[in-house]
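Here are my notes on the model, point by point. Please read them with the structure open.

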Amino acid sequence: MLNVGKLVEPDRVHRLCYTDPEVFELELEHIFAKTWVYAGHESQVPKPGDYWTFDIARQPMVMLRDAKGKVGVFFNRCPHRGAKLCTLLGGNAGKEVRCSYHGWRFELDGRLLAIPHDQGYEGTRLSKADAAFGMARAPRVESYRGFFFASLAKDGPSLVEWLGPAKIGFDDMCDRAPEGEVEVVPNCYRVIQHSNWKLFLENQLDVSHPMVVHESTGRAALDVEDEIFKRTGERPMHYHMLSAFTWPTSKWNELLQTTNYPTGHSVLGGYMALRPKDPDSLEYERALADRVGEKRKEEILSVNIHHVIYYPVVSVQSPLQQLRAVRPISHDKTLSEIWHFRLKGAPEAIYRRALWYYNLVNSPATMVNADDLENWNRIQRALKAETPEWLSLHRNYGTDIVEGDVIRTREGLSEAPLRNQFRAWKKYMAAGAKA
Amino acid sequence: MSLEREVEALLYQQSELLDSKAWEEYIALFAEDGLYWMPPAPHYTTWEGQPAIFIEDRDLMTVRARRVGHSRAWSQQAEWSTNHLVSNIVIERSDDADIHVRSRFHMMELRRDAMRHFGGTYRHHLRRTPAGLRIKLQRVDLFNAQAPYDYVLQVWV
């Protein structure tokens, strides 16, 4: 029998972690059905009856706002014969949820409202007052600053405990808004990767890949940026989002340090110098200071983060207000949902600046992720080769800074965040095997 | 040549240039201030302050063309080619300087061993210049723009 505990060592990982369908089934059971999974932002469902559908460990779920304005997460199926209830990716159910098969009707808070011609249940075990015949609620639902998560596990750490110090990613995003909260830009891009879900999460924190994988885009963008500069005397800020890939490896090594937590979460330091002194930025800084005061404004804007990974479900780019949710489909197929948020109370120009990143880097016509997805797919196909058995995670192993159970890198290129994700992976899998 | 024939010739030329990967010549079909725009869904009326799958002027188009032409553009090392058809061409309105054209397209794409299909509507705002018709705006509405993307779009559709 497969012993998954033996597939991960502190400095290397077995190829079967990425290629074995049996490992993937265990991951769904022991990781995704146990942890918090990102449902969506409350502003995705602003009105009663609004819903958004998603999966947890292949199970169809729906986030639904009820008549009193409360957001709930339910298993998205009728308790009668099992038909899916909310069938669009997102939509509005109306004043109640009605099943398309036998017309059972549910309140927006999931309670059974009516069964057509409901004679015939006397003396049976079905009772309309019984919650078991309403829409089944996800065992746990919690939100943090408007971001909703659900868990299929009845017990476990609260959302805030699970986020831990890495909650700084959501804080950084929301604190940057003069009104202290964000709202979703109502568009979700969905991109399928023919590769294991772990490759996506590892890549976000793999500091030694950008200058290799994105060289073509960095070079092309820098060339055109230089031409624009010669022509106009200016360098459009959005070109920098691409041309930064031409930086020498030593600069990445120095700038991009990570802090890694035992949950598998990691915080990656920022590098894009997103605090310029142009008139739009200064107007924004004034708007923020007017709301929170000068001292707090400085605290907020001195936070310098590129990415925060909430293992194993979501990647947040707080200074650009973007979020990617990871939805594993099979051992070699993963869907990502890509969202952009607006800082409430910030000038339009600040939103438009971050929008460039959504358009150039995170849209389905991305000039950046095109080469990431290509590389992950190359890995997925080539790992069928049984030799060598192990993948290397050795870079800077043993030289990171260890403070209790937190690991900080000394060198940005350290593979610490990858080792850290497998530290969490191993813990989830061991706990699942024991239970 | 009739206006209809002239417009058709431009649309056919555009397909040929895309399928033969003649990126610079494709970009040269655009006016100096021309834009290529692919909105995320048909209900979008502007790209200003809105998400866009593509919103590229000639400079950004040049970045894209040079990227895919780079020897280490990894995604381009897989066999990759496209086949465009353009049809249902309607001139919606025109005067001496500006011509608005609607058409339907179908693009098949081969990447490695996998085939994908993209279809939808082109809306060209063309401008008459001394050098011939040039594209002021090419709006591309994929009918499957909101469906999941199996991989990404590397170049203009």
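1. Strand 14 of chain A and strand 7 (residues 149-150) of chain B run parallel and are joined by two bridges. One pair across this junction is A:Ile192 with its bridge partner B:Asp150 in strand 7 of chain B. Strands here are DSSP runs of E with at least two residues, helices are runs of H or I with at least four residues, and both are numbered from the N terminus. Two strands pair if DSSP finds at least two bridges between them.

2. The model is predicted: local features need pLDDT of at least 70 and side-chain atom pairs count only at pLDDT 80 or more, while totals for chains, interfaces and linings use all residues. Residues are numbered from 1 along each chain as its sequence is written, with chains lettered from A and ligands numbered from 1 in the order in which they are written.

3. Between the chains, 34 residues of chain A are in contact with 26 residues of chain B; contact means that the C-beta atoms, placed from the backbone, lie within 7 Å. On the side of chain A that touches chain B, two or more residues each come from strand 14 (189-193), helix 7 (215-232), strand 20 (333-343), helix 12 (348-360) and helix 13 (369-382) of chain A. Helix 7 of chain A gives the largest share, nine residues. By class, this side of chain A has 17 nonpolar, nine polar and eight charged residues. Ala, Val, Leu, Ile, Met, Phe, Trp, Tyr, Cys and Pro count as nonpolar, Asp, Glu, Lys and Arg as charged, and the others, Gly among them, as polar.

4. Within chain A, three strands form an open antiparallel sheet in the order 3-12-11. Its edges are strand 3 (37-41) and strand 11 (140-144) of chain A, each pairing on one side only. Strand 3 of chain A pairs with strand 12 of chain A over four bridges, and A:Gly40 has A:Phe148 as its bridge partner. Strand 11 of chain A and strand 12 (residues 147-151) of chain A pair over five bridges, where A:Val141 is matched with A:Ala150. These two strands, 11 and 12 of chain A, form a hairpin with two residues between them, and A:Arg145 in the turn has a positive phi of about 50 degrees.

5. Is strand 12 of chain A enclosed by the rest of the structure, or open? Five of its five residues are buried, so strand 12 of chain A is largely enclosed. Buried means that 20 or more other C-beta atoms, placed from the backbone, lie within 10 Å of the residue's own. A:Phe147, A:Phe149 and A:Ser151 point one way from the strand, and A:Phe148 and A:Ala150 the other way. In a regular strand the side chains alternate between the two faces of the sheet.

6. Chain A is divided into domain 1 (37-144) and domain 2 (153-434), with bounds from an automatic or database domain assignment. The domain centres, taken over C-alpha atoms, are separated by 34 Å. The contact takes 11 residues from domain 1 of chain A and 14 residues from domain 2 of chain A. Strand 3, strand 4 (50-56) and strand 11 of chain A give two or more residues each to the domain 1 side.

7. As a whole, chain A has 14 helices and 23 strands. Its C-alpha trace spans about 80 × 60 × 40 Å along the principal axes. Buried residues make up 46% of the 435 residues in chain A.

Technical notes
Contact = placed C-beta atoms within 7 Å. Buried ≥ 20, exposed ≤ 12 C-beta atoms within 10 Å, placed from the backbone.
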